[in-house]
Amino acid sequence: MSTPKTTMTGPVHVTAPVGEPDSVAGCGVCLGIAVTRTNARSVGDYSKVSDANVVLRTHLREEHGAE
């Protein structure tokens, strides 16, 4: 039997993390998501912060045409 390979081949390229999305002024949905994110951060629930960022990015793309 051969020994399984346990190392990676080639370099790994890591990019800087994307910043948090900003809500659109005057949009109640954006505001609600931003408040949820702020509340989650205030209690240390960073998984929920990440989830809120995903929801906000999706909302911005679908409702505000952001990319």
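Ala-52 has a relative accessibility of 6%, so it counts as buried. The cut-off for that label is under 20% relative accessible area. Ala-52 sits in helix α2. The model is a predicted one, and this residue is a good place to enter it. Leaving out residues up to four places away in sequence, Ala-52 touches Ile-33 and Arg-37. Far from these contacts is Thr-6: its C-alpha is separated from that of Ala-52 by 36 Å, with the two positions 46 residues apart along the chain.

Now take the helix around Ala-52. Helix α2 covers residues 46–64. It has 19 residues and reaches 25 Å from its first C-alpha to its last. That is close to the 27 Å expected at 1.5 Å a residue. Which residues of α2 are buried? They are Val-49, Ala-52, Asn-53, Leu-56, His-59 and Leu-60. Seen down the axis of α2, these buried residues fall within an arc of 130°, so they line one face of the helix. What do they pack against? The partner is α1. Just after α2 comes Gly-65, which takes a positive phi of about 70°.

Turn to that partner helix. Helix α1 has 15 residues. From first C-alpha to last it reaches 21 Å, close to the 21 Å expected at 1.5 Å a residue. Its buried residues are Cys-30, Ile-33, Ala-34, Arg-37 and Ala-40. Viewed down the axis of α1, they fall within an arc of 125°, so they too line one face of their helix. The cover over these buried residues includes α2. On the other side of α1, the picture changes: Gly-28, Leu-31 and Ser-42 are exposed. After α1 comes Gly-44, with a positive phi near 80°.

One buried residue of α1 carries a charged side chain, and its surroundings deserve a closer look. Arg-37 lies in helix α1. Its relative accessibility is 10%, and therefore it counts as buried. What does Arg-37 contact, once neighbours within four places in sequence are left aside? On α2, it meets Val-49, Ala-52, Asn-53 and Leu-56. It also contacts Glu-20 and Pro-21.

The contact with Glu-20 leads to the salt bridges. Side chains of opposite charge can pair when their charged atoms come close. How many salt bridges does the model have? The count comes to 2. In one of them, the side chains of Glu-20 and Arg-37 meet at 3.8 Å, N to O. Glu-20 lies in the segment before α1 and Arg-37 in helix α1, so this pair ties together parts that are 17 residues apart in sequence. Glu-20 also meets Arg-41, side chain to side chain, at 2.2 Å, N to O. Arg-41 lies in helix α1, so this pair ties that helix to the segment before it, across 21 residues in sequence. Together, Glu-20, Arg-37 and Arg-41 are linked in a network of salt bridges.

How exposed are the members of this network? Arg-37, at 10% relative accessibility, counts as buried. Glu-20 is partly exposed, with a relative accessible area of 35%. Arg-41 counts as partly exposed as well, at 33% relative accessibility.

The segment before α1 holds another buried position. Cys-27 is placed there. At 15% relative accessibility, Cys-27 counts as buried. What does Cys-27 touch, not counting residues up to four places away in sequence? Its contacts are His-59 and His-64. Of these, His-59 is one of the buried residues of α2. His-64 is 37 residues from Cys-27 in sequence, yet 9.7 Å away in space, C-alpha to C-alpha.

Finish on the surface. Met-8 is also found in the segment before α1. Is Met-8 buried or exposed? At 62% relative accessibility, it counts as exposed. Met-8, Val-12 and Val-14 form a nonpolar patch on the surface. Together the three have about 360 Å² of accessible area.

Conventions: Residues numbered from 1 in each chain as written. Heavy atoms only, no water. Patch = residues over 30% accessible without salt bridge, like charges linked within 9 Å, V, L, I, M, F, W, Y side chains within 5 Å. Areas by Shrake-Rupley, 256 points an atom, 1.4 Å probe, with all protein chains shown as cover. Salt bridge = Lys/Arg side-chain N within 4 Å of Asp/Glu carboxyl O. Helix = DSSP H or I, 4+ residues; strand = E, 2+ residues; numbered from the N terminus. Buried < 20%, exposed > 50% of the residue type's maximum accessible area, 1.4 Å probe, protein only. Expected span 1.5 Å × (residues − 1). Arc of directions from axis to C-beta. Contact = heavy atoms within 4.5 Å.
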